[in-house]
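The following exercises concern the sheet and the nonpolar cores of a predicted model. Please examine the structure before reading each solution.

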Amino acid sequence: MKNWKKYAAIIAAIALLVIFCLPMYFALKGDFSQKEFMASLFTVMFVAVMCYVILMLFKYLNKKKDGQEKSSMIKNVIFDVGLVLVEFNWQDYLDSFGFDEEKRERIAKATFQSPVWDERDRGLYDEENYVRQCQELAPEYAKDIAAVMRDTPKTVRRMPYAETWTKYLKSQGYQLYVLSNYSRYMLDRTKKEMPFLKYMDGTVFSCDVKQLKPETDIYQTLLDRFGLKAEECVFIDDRPVNCEGAQKAGIHTICFKSFKQAAAELEALGVK
């Protein structure tokens with residue numbers, strides 16, 4: 001088949017070369033005929049226009065075909081939870097304690113902005129252990145840190161579009177999954193803010209598998225557990241570094257900034 005196309009292309013190129021040389025032939029031959037020259041010139045112009053039209057048609061059909069292939073390629077939509085499907089507003093929550101500016105800054109760095117907070121999502125230890133680790137970062141505020149950590153589930157509220165969005169995608173025939181860094185303490189106390197979970201075909205929370213995004217293992221865990229092909233998946237996360245991790249696993253990604261932006265990028269991938 002490839003040889004046939006190759007020979008056809010060579011024959012077409014030779015034919016075009018002959019046609020484009022006709023005006024020169026009639027102009028230079030001894031018994032010059034203006035009628036033959038003009039006929040050959042119009043033939044060349046006609047062929048040039050037709051070649052352009054055919055080329056544009058070919059590009060259009062290929063673009064349409066690519067769009068259809070891309071549309072059929074994505075079968076699975078994978079969601080992060082925090083700041084994609086639920087709000088995580090730790091800043092307002094921390095403000096509600098009324099700490100002075102310096103104290104608030106110290107407690108923020110010992111809790112929400114500390115490495116301990118991320119490791120808490122891995123779920124290797126119980127909650128008391130993570131609270132102690134946070135307190136060690138600012139021991140003079142140990143009692144306040146304990147109070148802050150105790151009510152951290154209050155930072156989570158469902159996004160108004162989350163349930164409608166996931167329900168719609170499910171109705172369109174897509175398989176839906178969750179891949180999220182989430183601590184056991186938070187997960188057990190915030191599931192009421194996740195009504196969209198009922199539309200999911202599977203979930204992988206970091207605290208359950210003891211792995212964290214953007215480490216490669218957690219993406220592979222999701223793919224293996226549910227028998228997914230990476231090229232058929234698109235992953236939506238608000239953190240670029242987590243999207244990069246998914247890309248390394250061969251998964252298409254959308255870095256979430258807003259519902260409107262993410263929905264538009266999904267549509268560009270053929271997910272409608």
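**Exercise 1.** Determine the order in which the strands of the open sheet are arranged, and identify the edge strands.

*Solution.* Step 1: the open sheet is formed by five strands, in the order 5-4-1-6-7, with parallel pairing. Step 2: strand 5 (202–205) and strand 7 (252–255) each pair on one side only and are therefore the edge strands, given that two strands pair if at least two bridges are found between them. Step 3: from one strand to the next, the twist averages 20°.

**Exercise 2.** Describe how strand 4 is joined to strand 5, and state which residue Tyr177 faces.

*Solution.* Step 1: strand 4 (residues 175–180) runs parallel to strand 5, and four bridges join the two. Step 2: Tyr177 stands opposite Gly202 of strand 5.

**Exercise 3.** Which strands does helix 12 touch, and which does helix 13 touch?

*Solution.* Step 1: helix 12 (residues 240–248) packs on the sheet and touches strand 6 (233–237) and strand 7; its direction makes about 175° with that of strand 7. Step 2: helix 13 (residues 259–268) also packs on the sheet, touching strand 6 and strand 7, and its direction makes about 155° with that of strand 7.

**Exercise 4.** Characterise the largest nonpolar core.

*Solution.* Step 1: this core has 33 residues, and those with the most contacts inside it are Val77, Phe79, Trp165, Leu169 and Ile236. Step 2: elements giving two or more residues to the core include strand 1 (76–79), strand 4 and helix 13. Step 3: helix 8 supplies the largest share, three residues. Step 4: Phe79 touches, among others, Trp165, Leu169, Tyr177 and Ile236.

Conventions
Residues numbered from 1 in each chain as written. Predicted model: local features only at pLDDT ≥ 70, side-chain atom pairs only at ≥ 80, totals over all residues. Heavy atoms only, no water. Axes fitted to C-alpha atoms, helices over the stretch in contact; angles between N-to-C directions. Contact = heavy atoms within 4.5 Å. Core = buried A, V, L, I, M, F, W, Y, C linked by side-chain atoms within 4.5 Å. Buried < 20%, exposed > 50% of the residue type's maximum accessible area, 1.4 Å probe, protein only. Lists of a residue's contacts leave out its neighbours within four places in sequence.
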